[in-house]
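This report concerns a ligand site, an internal cavity and a set of paired strands. The reader is invited to consult the sequence and structure shown below.

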Amino acid sequence: MNEKSSTFYVTTPIYYVNDKPHIGHAYTTIIADIFARYHRKIKGKENVFFLTGTDEHGSKVAESAKSHNLSPQKFTDNISEEYRKLWKNLDISYDEFFRTTDWRHEKIVQDYLQQLYDNGYIYKAKYKGLYCVGCEKFLSFDEIINDACIYHPNTALVEQEEENYFFKLKDFSLLVLDEIKKQSYKILPPEREKEILSKINGGINDISISRSGVSWGIPLPWDSSQTVYVWVDALLNYYSATKIYPNREKFWPPSLHLMAKDILWFHALVWESLLLANKIELPKIIFAHGFFTINGQKMSKSLGNIIDPNTLIEEYGSDATKYLLISSFSFGNDGDISLEKFKGKYNSDLANGIGNLVARVAKLCETSNFDNTNNTPVNNFSAEVVKWMNQYKPDEAIKSIWKLIADFDRDIGDDKPWKLESDKLKIKLHSYVGRILIIASDLEPFLPKTSDIISKIFNQKKIRKPDSIFPRK
Ligand code: ME8
């Protein structure tokens with residue numbers, strides 16, 4: 001394997017700092033964390049780069065700052081810090097936290113756009129359209145239902161006419177189409193790739209890459225009366241990160257960009273076009289997962305149903321929060337979650353599932369005074385976990401671990417070890433410890449703290465029954 005193929009670079013979207021993080025943001029970041037931890041175990045820590053961060057420019061953020069009577073910089077500093085705190089509480093193992101207000105990024109964005117401008121890919125034109133501040137973009141007809149944005153029905157659309165600079169997206173979209181067909185880069189799940197292909201085939205307009213009325217942004221290098229369109233600024237974070245942090249250049253191109261379907265268009269077409277225009281290698285995989293609702297309703301401030309992930313972490317701990325979010329619906333599809341369902345799932349899968357199994361096996365070892373000096377350390381993944389992770393199905397991978405747990409529980413019932421005589425019992429317990437260490441190793445990317453606790457318990461010479469690892473709620 002050469003160095004390139006052995007590196008793994010995974011990203012989350014950089015989240016807007018107009019408001020505090022919610023469980024939608026936590027969801028994508030947990031999935032990215034799983035991929036990062038999984039690949040670190042296979043490829044080594046130094047070959048994995050996990051990037052997350054915050055998207056801090058643009059009118060959406062500026063308006064929010066104003067409504068809080070704070071300067072945009074102060075406001076973004078505060079919210080960006082909320083994200084970092086959350087990722088710490090949630091035990092997210094990112095390598096770098098990106099902020100688009102980092103001056104090194106601002107300089108890279110300016111140089112990048114200057115190069116596009118010098119090469120004739122940017123021109124000035126008038127544009128009139130309906131702008132959604134929630135999405136930070138002009139909407140196309142298929143994104144407007146009942147005079148409102150499909151993603152932000154409560155945000156009033158603004159009719160705007162501006163003289164802006166445009167990027168020749170239309171020309172590059174045909175090259176992107178070729179790259180998708182050649183499979184040089186992939187959009188997953190496959191049905192999303194089909195959507196993008198049909199949208200490109202349906203015809204593309206050039207895209208405005210600057211704004212004249214937004215001062216909270218990076219000035220265009222050749223015309224400081226305009227700032228860089230926040231989406232162009234934001235997409236370039238993935239590239240800047242490999243330039244501004246030491247020893248990250250070897251990670252280009254990104255292995256996996258994660259996001260939900262709401263922002264796939266920018267990632268699947270605009271991003272690639274910007275890269276192709278400056279002759280930069282394309283990312284390998286763009287994965288757009290689904291959107292989840294809460295008790296059947298869209299999460300929104302006005303409905304007051306936004307769940308703060310910190311509340312879940314306080315109630316259940318970081319590992320359980322991760323488990324509950326990723327196992328609630330299938331990765332890639334839309335889904336629905338509810339706090340009541342979380343409680344049920346916590347009790348059935350964590351307290352009664354893995355928690356009970358660990359207690360049961362440890363107790364058997366303790367009461368029979370089992371000598372655990374000869375267990376074999378486990379440091380790889382079960383074939384099922386590898387299979388699903390290679391298919392970008394972390395939820396299926398975790399399901400396969402819960403199948404191991406259920407099978408193991410059933411086998412203990414069938415084996416009735418408490419009836420075995422001493423020699424047979426020793427052999428049985430030896431195999432049990434082996435099985436539970438396999439589960440612990442498989443769990444490492446998904447429930448890292450639990451994995452560590454289980455490994456410690458079952459690597460003791462004299463195994464002792466621990467306090468309950470997931471107390472019933
Ligand atoms: O779009 N279900 O930031 P953002 C699942 N700054 N995922 C959800 C979700 C839900 N209900 N709600 C949010 C932006 N997400 C830009 C990105 S990247 C160069 C710039 C997650 O704060 C999901 O990952 O609006 C979605 O794509 C992202 O949050 C949008 O975050």
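The sections below treat the ligand, the cavity and the strands in turn.

## Basis of the report

The model is predicted. Every value given here is therefore computed from a predicted model.

## The ligand and its shell

The ligand is surrounded by 24 residues, of which Ile-14, Thr-28, Asp-55, Ala-260 and Asp-262 come nearest. By class, the shell around the ligand comprises 14 nonpolar, 8 polar and 2 charged residues.

Several elements supply at least two residues each to this shell: strand 1 (8-16), helix 1 (23-43), helix 7 (230-235), helix 8 (237-244) and strand 14 (256-260). The most is given by strand 1, which provides 4 residues.

## Backbone contacts and burial of the ligand

Backbone atoms of the protein approach both oxygen and nitrogen atoms of the ligand. A backbone N or O atom of Tyr-16 is found 3.0 Å from a ligand oxygen atom. For Ala-260, a backbone N or O atom likewise lies 3.0 Å from an oxygen atom of the ligand, and Ala-260 is also among the residues that come nearest to the ligand. At Phe-292 the partner is a nitrogen atom of the ligand, 3.1 Å from a backbone N or O atom of that residue. The ligand taken alone exposes 680 Å², and the protein buries 94% of that area.

## The cavity

The count of cavities of 30 Å³ or more comes to 1. The largest cavity has a volume of about 50 Å³.

Its lining is formed by Gly-58, Ser-59, Tyr-131, Glu-136, Arg-211, Val-214, Trp-216, Gly-217, Thr-227, Val-228, Tyr-229 and Val-230. These lining residues divide into 6 nonpolar, 4 polar and 2 charged.

## Strands 11, 12 and 13

Strand 13 (residues 223-228) pairs with strand 11 (residues 210-211) in the antiparallel sense, over 2 bridges. Within this pairing, Arg-211 stands opposite Thr-227 of strand 13. Both Arg-211 and Thr-227 also belong to the lining of the largest cavity.

Strand 12 (residues 219-220) is likewise antiparallel to strand 13, and 2 bridges join the two. Here the bridge partner of Pro-219 in strand 13 is Thr-227. Thr-227 is thus placed opposite Arg-211 and is also bridged to Pro-219. The connection from strand 12 to strand 13 is a hairpin through 2 residues.

Key:
Residues are numbered from 1 along each chain as its sequence is written. This is a predicted model: local features need pLDDT of at least 70, side-chain atom pairs count only at pLDDT 80 or more; totals for chains, interfaces and linings use all residues. Side-chain values use heavy atoms; hydrogens and water are left out. A residue is near a molecule or strand if one of its heavy atoms lies within 4 Å of it. A polar contact is a pair of N or O atoms within 3.5 Å; within protein, one must be able to donate a hydrogen and the other to accept it, and residues adjacent in sequence count only if both atoms are side-chain atoms. Accessible areas come from the Shrake-Rupley method with a 1.4 Å probe; for residues, only the protein chains shown count as cover. Ala, Val, Leu, Ile, Met, Phe, Trp, Tyr, Cys and Pro count as nonpolar, Asp, Glu, Lys and Arg as charged, and the others, Gly among them, as polar. On a 1 Å grid over the protein atoms alone, a cavity is a set of points where a 1.4 Å probe fits but cannot get out, and a pocket is an open set with protein on both sides within 12 Å along at least five of seven lines; lining residues have an atom within 4 Å of a point. Grid points are joined across faces, edges and corners, and a volume is the space filled by probe spheres set on the points. Two strands pair if DSSP finds at least two bridges between them.
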